[in-house]
Amino acid sequence: MTFIRPKATAITKKYIQVNRPSTDFYLVFDLDYEYSALAWSFLNLPPPAWITKNPKNGHCHLAYALSAGVCTSSRARLAPLKYLAAIQSAYTQALKADRSYARLLTKNPLHEAWQTTWWTDEKYTLDYLADFVDLTGHPLKGKECHGLGRNCELFECVSNWAYKAIREYWSPNYQSKWQEAVLSHTEALNSQFVVPLPYSEVKSISKSIANFVIRNFSPERFRESQAVKGRKGGRISKGGGRPTKKADLLPIVMELKALGYNNRAIAEDLGLGAATISRWLSHI
């Protein structure tokens, strides 16, 4: 059982939470093998901020400080979270760190129970850390997901499902039933991981997705989007010749964007790639 305590009390404990509940300022790795304290050096990785070693077995925790915190809550922007998750996954693989480590608590580097070595005061950017590893295939997908990769996978998979599934739940006062359905789907996907996320994080991700979809995919907006696409079909059928796809669809993209649809939903409806939608809108 863990407790939130004042800083003056927390720093006297053997284990401490160095990251905030919704923001990561440190990447911490659990190396459960002997002579692991210098593993980073043998692998030509950058020096960590500190290493806390258990003097009884040589196992240690290794921590890298980030130059800027990365939001990890359900409100996080997915791109930087996926980038951090990929780096975390690649370093875990390189260091042969424990994938099942929850990363909530770490050995307190100020506690006398551990042998602590302070290596650098430098705080690293994500780009700098990424230069030392190959991010290909990271974060891992499917049941092998671990760390922040699980958050990314759940958010992407559940979101893609929810954009389509919401239409089956439209009825008077459907919100509560819809939220239960999203939570159930999120829990089912989470249970497939070798090390599932705690229920509190699953519930937070589920609630965020359910509420977003309710706001942006209502029956009223769906009818409006259908009307917009109907107008698109009318304009194309009346034209003589064959205008370019962008010329045909950009006005529709802009109308759907004004209705509150995100790029992924617009892309799916119009049979385009989300990157294409982003590129078109960036040049407006």
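**Entry 1: Lys-96 and Asn-44**

I started with Lys-96, which lies in the loop between α3 and β5 (106-107). This is a predicted model, so I kept in mind that the entries below describe a prediction. I looked up the backbone angle and found phi of Lys-96 near 55°, a positive value in a residue other than glycine. That made me stop, because most residues other than glycine have a negative phi. Is Lys-96 buried or exposed? Lys-96 has a relative accessible area of 64%, and the cut-off for exposed is over 50%, so I wrote it down as exposed.

I then turned to Asn-44, which also has a positive phi, about 60°, although it is not a glycine. Where does Asn-44 sit? I found Asn-44 in the loop between α2 (39-42) and β3 (50-53). The relative accessible area of Asn-44 is 60%, so I noted this residue as exposed.

**Entry 2: Ala-90 and the bond at His-138**

Next I picked a residue in a helix: Ala-90, in α3 (residues 78-95). Ala-90 has 5% relative accessibility, and buried means under 20%, so Ala-90 counts as buried. Which residues does Ala-90 touch, leaving aside its neighbours within four places in sequence? I listed Val-133, Asp-134, Leu-135 and His-138. I checked His-138 against the sequence: Ala-90 and His-138 are 48 residues apart there, yet their C-alpha atoms are 6.3 Å apart in space.

His-138 had something else for me. A cis peptide bond joins His-138 to Pro-139, with omega at about -5°. I marked it in my notes because most peptide bonds are trans. Pro-139 belongs to the loop between α4 (126-130) and α5.

**Entry 3: Helix α5**

Since that loop leads to α5, I looked at the helix itself. How far apart are the end C-alpha atoms of α5? I worked from the rise: at 1.5 Å a residue, the 18 residues of α5 should span 26 Å, and the end C-alpha atoms are 26 Å apart, so the two agree. I then checked burial and found that 13 of the 18 residues of α5 are buried, so the helix is largely enclosed by the rest of the structure. I also reminded myself that an α-helix has 3.6 residues a turn, so residues three or four places apart point the same way.

**Entry 4: The nonpolar cores**

Now for the inside. The largest nonpolar core has 33 residues, and those with the most contacts inside it are Trp-178, Ile-209, Val-213, Phe-217, Ile-266 and Leu-270. Which elements give two or more residues to this core? I noted α5, α6 (175-190), α7 (199-216), α9 (245-258), α10 and α11 (274-282). Helix α7 gives the most, with 6 residues.

I followed Trp-178 a bit further. Setting aside its neighbours within four places in sequence, I found Trp-178 in contact with Trp-161, Ala-162, Ala-165, Ile-166, Tyr-169, Ala-210, Val-213 and Ile-214. There is also a second, separate core of 30 residues, which includes Leu-62, Leu-84, Leu-95 and Tyr-124.

**Entry 5: The cavity**

How many cavities of 30 Å³ or more does the structure hold? I found 1, and its volume is about 90 Å³. The lining has 11 residues, and I noted Tyr-163, Arg-167, Phe-217, Tyr-261 and Asp-269 as lying nearest the centre. The elements that give two or more residues to this lining are α5 (148-165) and α10 (263-270). Helix α10 provides the largest share, 3 residues. Sorted by class, the cavity lining has 7 nonpolar, no polar and 4 charged residues. I spotted Phe-217 in this lining after meeting Phe-217 in the largest core.

**Entry 6: The second largest pocket**

I moved on to an open space. The second largest pocket has a volume of about 790 Å³. Its lining takes in 28 residues, with Ser-74, Ala-76, Phe-155, Ser-208 and Phe-212 nearest the centre. Which helix gives the most to this lining? I wrote down α7, with 10 residues. By class, I noted 11 nonpolar, 11 polar and 6 charged residues around this pocket.

**Entry 7: The whole protein**

Last, I zoomed out. I noted 11 helices and 6 strands. Of the 284 residues, 43% count as buried. For contacts between residues at least 6 apart in sequence, I found that 74% join residues at least 24 apart.

Conventions: Residues are numbered from 1 along each chain as its sequence is written. This is a predicted model: local features need pLDDT of at least 70, side-chain atom pairs count only at pLDDT 80 or more; totals for chains, interfaces and linings use all residues. Side-chain values use heavy atoms; hydrogens and water are left out. On a 1 Å grid over the protein atoms alone, a cavity is a set of points where a 1.4 Å probe fits but cannot get out, and a pocket is an open set with protein on both sides within 12 Å along at least five of seven lines; lining residues have an atom within 4 Å of a point. Grid points are joined across faces, edges and corners, and a volume is the space filled by probe spheres set on the points. Helices (H or I, at least four residues) and strands (E, at least two) are DSSP runs, numbered from the N terminus. Ala, Val, Leu, Ile, Met, Phe, Trp, Tyr, Cys and Pro count as nonpolar, Asp, Glu, Lys and Arg as charged, and the others, Gly among them, as polar. The expected span of a helix is 1.5 Å times one less than its number of residues. Buried means under 20% relative accessible area, exposed over 50%, partly exposed in between (1.4 Å probe, protein chains only). Contact means heavy atoms within 4.5 Å. A nonpolar core is a set of buried Ala, Val, Leu, Ile, Met, Phe, Trp, Tyr and Cys residues joined through side-chain atoms within 4.5 Å.
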